[in-house]
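Colleague: I am new to this one. Can you walk me through it, one question at a time?

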Amino acid sequence: MKRDLKSEILDTAGRLFDESGGNAVSMRSIADALGISVGNLTYHYKRKEDLIEAVMRARHERCKALPPPSDLGELDGFFRSILERRSQGMMLDIRDKEEARQVQRLHRLVICHIGELLTGALDALEAAGLLRPDPARDALEQALLGMLLFCRPAELLDGKPDPQETRRCLWQLLSLLLTEKGKEDLRKIL
């Protein structure tokens, strides 16, 4: 059976980036983890930045294939997943303007997709009678997205991300539009 090296490279590099951050992982460490030469790795991805972009694009494509969360439990899992990834971060040492533009484009892709999933989730909750229709929903959605992707105001002051506290704040904010049935379901989750 033929080895799908490109997929193995993306999976291994993604795992190493998640564990150690983008700057701490070298092409050599990725090649070693795969049991291949650095030359073989750079045949597929010339620079580490190209590999980081490929990992992020592959993740984005996998996420696009997923349906948005359709109930409060799935939405809670979505919140936890995003907050965990955010707290791990993929720290990058950006050296030039082109790298900065590349990272910016990737972040835009991710932010747009997370926003689409959040919108889909809120639509599903509304259709299920768990979220009441409200003209302020767009503002609430933007506040949720900002807090989910970036931080709570308190994190700006103390500089310490606290995924659990952020999750609690997300639910407090969303509970403003939950129906009684939605609030009852939320109590079961929390």
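Colleague: What share of the residues in the chain is buried?

Modeller: This is a predicted model. The chain has 190 residues. A residue counts as buried when its relative accessible area is under 20%. The buried share of the chain is 38%.

Colleague: How many helices and how many strands does the chain have?

Modeller: From the N terminus on, the elements run α-α-α-α-α-α-α-α-α-α. The C-alpha atoms fill a box of roughly 60 × 45 × 25 Å along the principal axes. The count is 10 helices and zero strands.

Colleague: Of the contacts with a separation of 6 or more, what percentage is between residues 24 or more positions apart?

Modeller: Contact here means heavy atoms within 4.5 Å. Taking the contacts with a separation of 6 or more, residues 24 or more positions apart account for 70%.

Colleague: Now the helix pairs. Are H1 and H2 parallel, antiparallel, perpendicular or oblique to each other?

Modeller: Two packed helices are described by the angle between their axes and the distance between the axes. H1 covers residues 5-20 and H2 covers residues 27-34. Their axes come within 10 Å and cross at roughly 120°. The angle falls outside the ranges for parallel, perpendicular and antiparallel, so the pair is oblique.

Colleague: Is the crossing of H1 and H2 left-handed or right-handed?

Modeller: On the H1 side, the contact includes Glu8, Ile9 and Phe17. On the H2 side are Ser29, Ile30, Ala33 and Leu34. By class, the contact has seven nonpolar, two polar and two charged residues. H1 passes H2 in a crossing that is right-handed.

Colleague: How is H1 oriented to H4?

Modeller: H4 spans residues 48-64. H1 and H4 pack with their axes 9 Å apart, at an angle of about 100°. Angles of 65 to 115 degrees count as roughly perpendicular. H1 is therefore, relative to H4, roughly perpendicular.

Colleague: How many charged residues are in the contact of H1 with H4?

Modeller: The H1 side includes Asp11, Arg15 and Asp18. The H4 side includes Lys48, Arg59 and Arg62. The contact also has nine nonpolar residues and one polar residue. The number of charged residues is six.

Colleague: Are H7 and H9 roughly parallel or roughly antiparallel?

Modeller: H9 covers residues 163-174. The axes of H7 and H9 come within 10 Å and cross at roughly 180°. An angle over 145 degrees counts as roughly antiparallel. The pair is therefore roughly antiparallel.

Colleague: How many nonpolar residues make up the contact of H7 with H9?

Modeller: H7 brings Leu140, Ala143, Leu144, Met147 and Leu148. H9 brings Thr166, Cys169, Leu170, Leu173 and Leu174. The contact has one polar and no charged residues. Its nonpolar residues number nine.

Colleague: On to charges. How many salt bridges are in the whole structure?

Modeller: Side chains of opposite charge can pair when their charged atoms come close. A search of the whole structure finds salt bridges numbering 13.

Colleague: Which side chain does Arg80 meet in a salt bridge?

Modeller: The two partners lie in helix H5, residues 72-88, four residues apart, about one turn of the helix. Arg80 is partly exposed, at 40% relative accessible area. Its partner is buried, at 5%. With 3.0 Å from N to O, that partner is Asp76.

Colleague: Which residue of helix H6 forms a salt bridge with Arg137?

Modeller: The closest N and O atoms of Arg137 and Glu126 are 3.1 Å apart. Arg137 is in H7, residues 137-149, and Glu126 is in H6, residues 97-127. Arg137 is buried at 10% relative accessibility. The partner in H6, partly exposed at 29%, is Glu126.

Colleague: Which residues join Arg137 in a network of salt bridges?

Modeller: Glu141 also forms a salt bridge with Arg137, at 3.5 Å between the closest N and O atoms. Both lie in H7, four residues apart. Both are buried. The residues linked with Arg137 in the network are Asp123, Glu126 and Glu141.

Colleague: One last residue. Which residues does His113 contact beyond its neighbours within four places in sequence?

Modeller: His113 sits in helix H6. At 7% relative accessibility, His113 counts as buried. Beyond those sequence neighbours, its contacts are His60, Cys63 and Lys64.

Definitions and conventions. Residues are numbered from 1 along each chain as its sequence is written. This is a predicted model: local features need pLDDT of at least 70, side-chain atom pairs count only at pLDDT 80 or more; totals for chains, interfaces and linings use all residues. Side-chain values use heavy atoms; hydrogens and water are left out. A salt bridge is a side-chain nitrogen of Lys or Arg within 4 Å of a carboxyl oxygen of Asp or Glu. Helices (H or I, at least four residues) and strands (E, at least two) are DSSP runs, numbered from the N terminus. Buried means under 20% relative accessible area, exposed over 50%, partly exposed in between (1.4 Å probe, protein chains only). Axes are lines fitted to C-alpha atoms, for helices over the stretch in contact, and angles run from 0 to 180 degrees between N-to-C directions. Angles under 35 degrees count as roughly parallel, over 145 as roughly antiparallel, 65 to 115 as roughly perpendicular and the rest as oblique. A crossing is left-handed if the near helix is turned anticlockwise from the far one by less than a right angle, and right-handed if clockwise. Ala, Val, Leu, Ile, Met, Phe, Trp, Tyr, Cys and Pro count as nonpolar, Asp, Glu, Lys and Arg as charged, and the others, Gly among them, as polar.
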